[in-house]
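Work through the exercises below with the sequence and the model open side by side. Each task is followed by a solution in steps.

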Amino acid sequence: MAAALCPCRAVLARRGGALRALCGSVRGLAAGPETHFGFQTVTEAERREKIYQVFESVAKKYDVMNDSMTLGIHRVWKDILVHKMNPSPGTLLLDVAGGTGDIAFRFINYVRSVRERQLQRKLKHHQNLSWQEISESYQEDKSKSLGDSQVVVCDINKEMLKVGKQKAQHLGYSEGLSWVLGNAEELPFDDDMFDVYTIAFGIRNVTRIDLALQEAYRVLKPGGRFLCLEFSHVSNPLLSRLYDLYSFQVIPVLGEVIAGDWKSYQYLVESIRRFPPQEELKAMIEDAGFFKVDYQNLNSGIVAIHSGFKL
Amino acid sequence: RGGEEEKEEEEEEEEGCYRLYPGHIPTSPLQKALLAAGSAFMALYDPYRHDMVAVLGETTGCLALPNLRDKMKHHPEGYRILQERPRIRLSTLDMARLRGLPDGTLGREYVRFLEDNKVSPDTRMPPKFVDDEELAYVIQRYREVHDLMHTLLGMPTNMLGEVVVKWFEAIQTGLPMCVLGAAFGPVRLSTRKLQVLATELVPWAIRSGRNASCILNVYYEQRWEQPVESLREEIGIFPPP
């Protein structure tokens with residue numbers, strides 16, 4: 001015990017580690033079950049707090065970092081997600097953990113272009129109408145450029161929503177877009193409300209994935225679709241080694257150089273490794289009550305899109 | 001005792017991931033290389049990223065820092081600094097007392113410098129990527145003493161002044177970051193300033209740097225009352241042009 005009181009720094013440092021472990025387990029008894037934050041073990045309450053802080057700190061550089069880390073490929077992944085969704089005008093979408101609005105904007109663009117094609121087709125059929133009748137039909141359709149489609153962006157983090165709203169203003173998105181502060185584990189929406197529920201690169205940060213999936217099931221209409229875009233597991237051993245090397249060696253460095261924040265990006269790559277692989281996530285989605293659950297690997301499993309239906 | 005020993009062994013197994021000081025982020029050689037390259041680029045691209053200059057210093061200092069530490073160890077005042085580990089921070093400085101000192105003293109001129117240039121000693125980045133606890137202190141000391149360098153050299157915090165101080169520091173410390181800063185800093189200066197720099201300021205900075213004893217071996221906190229000119233003479237810095 002005398003050794004523990006020794007002022008020598010090196011010894012104290014080692015003791016500190018043992019003490020921390022002891023305190024950790026005492027805290028655990030008080031503050032809830034244990035879970036992980038990247039490769040660390042923390043309580044659920046601590047994890048939520050730490051993740052909130054991560055996104056608060058990265059919010060402003062989120063988009064720049066995404067482009068740098070994935071060399072712009074994340075845009076393609078998100079495009080594929082929205083194409084898979086294939087929304088028609090009139091669809092009501094809930095984008096959870098939608099923070100900076102990437103999915104919401106793509107949804108709006110997609111629906112707008114579908115709507116335009118619809119209108120063009122309608123016009124072709126009206127070629128025998130008079131000029132006056134055609135211009136009158138323009139007036140009606142102008143107010144429905146989105147065709148009653150709506151997207152609600154829900155995120156737990158105020159900073160991310162702030163960045164999203166600024167982006168929307170900057171890019172000129174206003175119609176059919178709503179921003180709501182909410183927790184994926186306890187959504188502030190009524191049952192059977194939405195046609196589609198998406199969560200892109202968000203479910204990994206949720207502390208209780210099972211609760212988030214249950215909430216997704218609850219708020220979807222019968223016939224509604226659940227879509228999840230998330231980093232997943234690479235089974236090819238060579239690619240996996242290269243991916244690990246890139247993730248652990250390069251990404252935190254990019255985080256430090258571009259965003260001045262090593263630790264958040266260290267958390268990001270660790271959290272990807274901790275996330276359940278494709279089959280396990282599929283089972284969890286089925287457990288929540290979804291049917292026809294399936295997944296599609298993108299880039300050999302670096303990213304996967306899981307899909308399920310509420311029937 | 002057995003239990004404690006076991007725990008110690010556990011800690012030692014994790015030695016690679018263990019933090020040597022608060023804020024320490026252990027990095028692999030590849031990461032250090034990438035950081036050095038990335039921070040060098042970013043520091044030039046965006047001169048307001050002072051954190052990148054700091055990171056560059058840490059990742060490239062593996063030869064210069066032990067050198068500096070040894071210089072400190074073999075000097076009585078430097079040795080004391082390494083033992084006592086003084087920190088220059090607003091919380092440790094008695095600003096009122098320093099302001100009250102007569103004009104021309106180190107303390108008075110230092111406070112004047114801070115106020116004129118609207119800087120504070122608390123904005124210095126703590127080290128993250130230095131893999132030795134003592135060397136981390138050495139680089140921290142170097143950062144905290146930087147403002148005193150400005151005071152002793154009589155240089156303001158504009159681009160020109162910073163470049164001059166970097167030349168001086170490059171000669172004194174041999175830190176690659178200082179050398180790079182001294183070499184590339186002038187890129188952003190106008191031709192007129194470059195002329196002044198090249199003809200007067202840099203030669204003076206080099207002469208002073210070579211002549212002066214190691215600036216990290218001065219216990220500045222015990223010399224607030226000493227007149228700046230006397231301290232300059234003592235260290236070996238020539239009067240500024």
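**Exercise 1. Describe the salt bridge of B:Lys32 and place both partners.**

Solution. Start with the pair: B:Lys32 forms a salt bridge with B:Asp131, and their closest N and O atoms are 2.6 Å apart. B:Lys32 is in helix 2 of chain B, whereas B:Asp131 is in the loop between helix 7 (106–116) and helix 8 (133–153) of chain B, so that the pair links distant parts of the chain, 99 residues apart. The term salt bridge stands for a side-chain nitrogen of Lys or Arg within 4 Å of a carboxyl oxygen of Asp or Glu. Helices (H or I, at least four residues) and strands (E, at least two) are DSSP runs, numbered from the N terminus.

Next, check the exposure of each partner. B:Lys32 is buried, at a relative accessible area of 17%, while B:Asp131 is partly exposed at 39%. Buried means under 20% relative accessible area, exposed over 50%, and partly exposed in between (1.4 Å probe, protein chains only).

Before going on, note the ground rules. The model is predicted: local features need pLDDT of at least 70, side-chain atom pairs count only at pLDDT 80 or more, and totals for chains, interfaces and linings use all residues. Residues are numbered from 1 along each chain as its sequence is written, chains are lettered from A and ligands numbered from 1 in the order in which they are written, and side-chain values use heavy atoms, with hydrogens and water left out.

**Exercise 2. Which residue forms a salt bridge with B:Arg69, and is B:Arg69 buried or exposed?**

Solution. The partner is B:Glu134, with the closest N and O atoms 2.6 Å apart. Because B:Arg69 lies in helix 4 (residues 64–73) of chain B and B:Glu134 in helix 8 of chain B, the pair ties together parts that are 65 residues apart in sequence. Now the exposure: B:Arg69 is buried, with a relative accessible area of 14%, and B:Glu134 counts as buried at 18%.

**Exercise 3. Find the salt-bridge partner of B:Arg87 and state where each residue sits.**

Solution. B:Arg87 pairs with B:Glu144 in a salt bridge whose closest N and O atoms are 2.8 Å apart. B:Arg87 is in the loop between helix 5 (76–84) and helix 6 (95–100) of chain B, and B:Glu144 is in helix 8 of chain B, 57 residues apart. B:Arg87 is partly exposed at a relative accessible area of 26%, whereas B:Glu144 is buried at 3%.

Salt bridges that share partners also occur: they join A:Asp63, A:Lys78, A:Asp102 and A:Lys167 into one network. Over all chains, the count comes to 33 salt bridges.

**Exercise 4. Describe the surroundings of A:Lys78.**

Solution. First, the position: A:Lys78 lies in helix 5 (residues 73–85) of chain A. Its relative accessibility is 4%, so A:Lys78 counts as buried. Then list its contacts (heavy atoms within 4.5 Å). Not counting residues up to four places away in sequence, A:Lys78 touches A:Asn66, A:Asp102, A:Ile103, A:Arg106, A:Phe201 and A:Leu229.

One of these neighbours, A:Asn66, is among the buried residues of helix 4 (residues 62–70) of chain A, together with A:Tyr62, A:Met65, A:Ser68, A:Met69 and A:Thr70. The buried residues of that helix pack against helix 3 (44–58), helix 5, helix 8 (158–171), helix 10 (237–259) and helix 11 (262–274) of chain A. After helix 4 of chain A comes A:Leu71, with a positive phi near 55 degrees.

**Exercise 5. Which element of chain B has the lowest mean pLDDT?**

Solution. Begin with the chain: chain B averages a pLDDT (the predictor's confidence in each residue, from 0 to 100) of 84, and 93% of the residues score at least 70. Among the elements of chain B, helix 1 (residues 2–13) has the lowest mean, 35, and helix 2 (residues 29–45) the highest, 91. Over residues 1–16 of chain B, pLDDT stays under 50, and the model has eleven contacts beyond four places in sequence for them. Where pLDDT is low, the predicted coordinates should not be read in detail. For the complex, the predictor gives an ipTM of 0.79 and a pTM of 0.77.
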